[in-house]
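This briefing goes through one protein chain by topic, starting with its charges and ending with one of its helices.

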Amino acid sequence: SRHIGGDELGVQMDCADAGPRIKRWKSDKTGTRVEDARAMTPSEFDKVWREIQGTGWENLKDCTTGSLGKQDPVYVFDIRDDQNQATFQCQTVRLPFPYDGIANPLDVAAQSGRKQLGDDEPEELKALEKKQKAQQK
């Protein structure tokens, strides 16, 4: 939530509906959502899951070591397997250990072999650029 790349950014990895897959999304302040998903190989899924398991996610609670600034992004984690479930969050610019051990492998897997999700140039900036070009003519 509230990230420089959009009002909400997310990554979800699961194997519940269609085998191992990873989905990423981005929503802006107006609620426009752009997303994509791709299949993962079982070994790729297992590699990312092992990294997440290594954080001890089952025992994590809301982060108290983040920057906690009111304008800082809020990272929300909802993790479950066949035996455990945990939901917690961290408000910070940069995730501290061990929370970064969850987000980093997911981000790397979600971006692997992919282009930028959606258009990374805000509409206001495009309009300003268009106006400046028109004034130069």
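**Charge and surface**

The chain carries 21 positive and 24 negative charges, and the mean positions of the two sets lie 6 Å apart. The model is predicted.

- About 9500 Å² of the chain is exposed, and 50% of that area comes from carbon and sulfur atoms.
- Of the 137 residues in the chain, 31% are buried.

**Overall layout**

- The chain holds five strands and three helices.
- Read from the N terminus, the order of these elements is β-β-β-α-β-β-α-α.
- The C-alpha trace spans about 65 × 35 × 20 Å along its principal axes.
- Among contacts with a separation of 6 or more, 49% are between residues 24 or more positions apart.

**Helix α1**

- Helix α1 covers residues 42-53, and its end C-alpha atoms are 16 Å apart; this agrees with the 16 Å expected because twelve residues are taken at 1.5 Å a residue.
- F45, V48, W49 and I52 are the buried residues of α1.
- These buried residues lie on the same side of α1, because the arc they cover around the axis is only 100 degrees.
- In an α-helix there are 3.6 residues a turn, so residues three or four places apart point the same way.
- S43 and R50 are exposed, on the face of α1 turned away from its buried side.
- The cover over the buried residues of α1 includes strands β1 (8-14) and β4 (74-80), together with helix α2 (100-111).

Notes. Residues are numbered from 1 along each chain as its sequence is written. This is a predicted model: local features need pLDDT of at least 70, side-chain atom pairs count only at pLDDT 80 or more; totals for chains, interfaces and linings use all residues. Side-chain values use heavy atoms; hydrogens and water are left out. Helices (H or I, at least four residues) and strands (E, at least two) are DSSP runs, numbered from the N terminus. Buried means under 20% relative accessible area, exposed over 50%, partly exposed in between (1.4 Å probe, protein chains only). Contact means heavy atoms within 4.5 Å. Accessible areas come from the Shrake-Rupley method with a 1.4 Å probe; for residues, only the protein chains shown count as cover. Lys and Arg count as positive and Asp and Glu as negative; His and the chain ends are not counted. The place of a charge is taken as NZ of Lys, CZ of Arg, CG of Asp or CD of Glu. The expected span of a helix is 1.5 Å times one less than its number of residues. The arc is that of the directions from the helix axis to the C-beta atoms.
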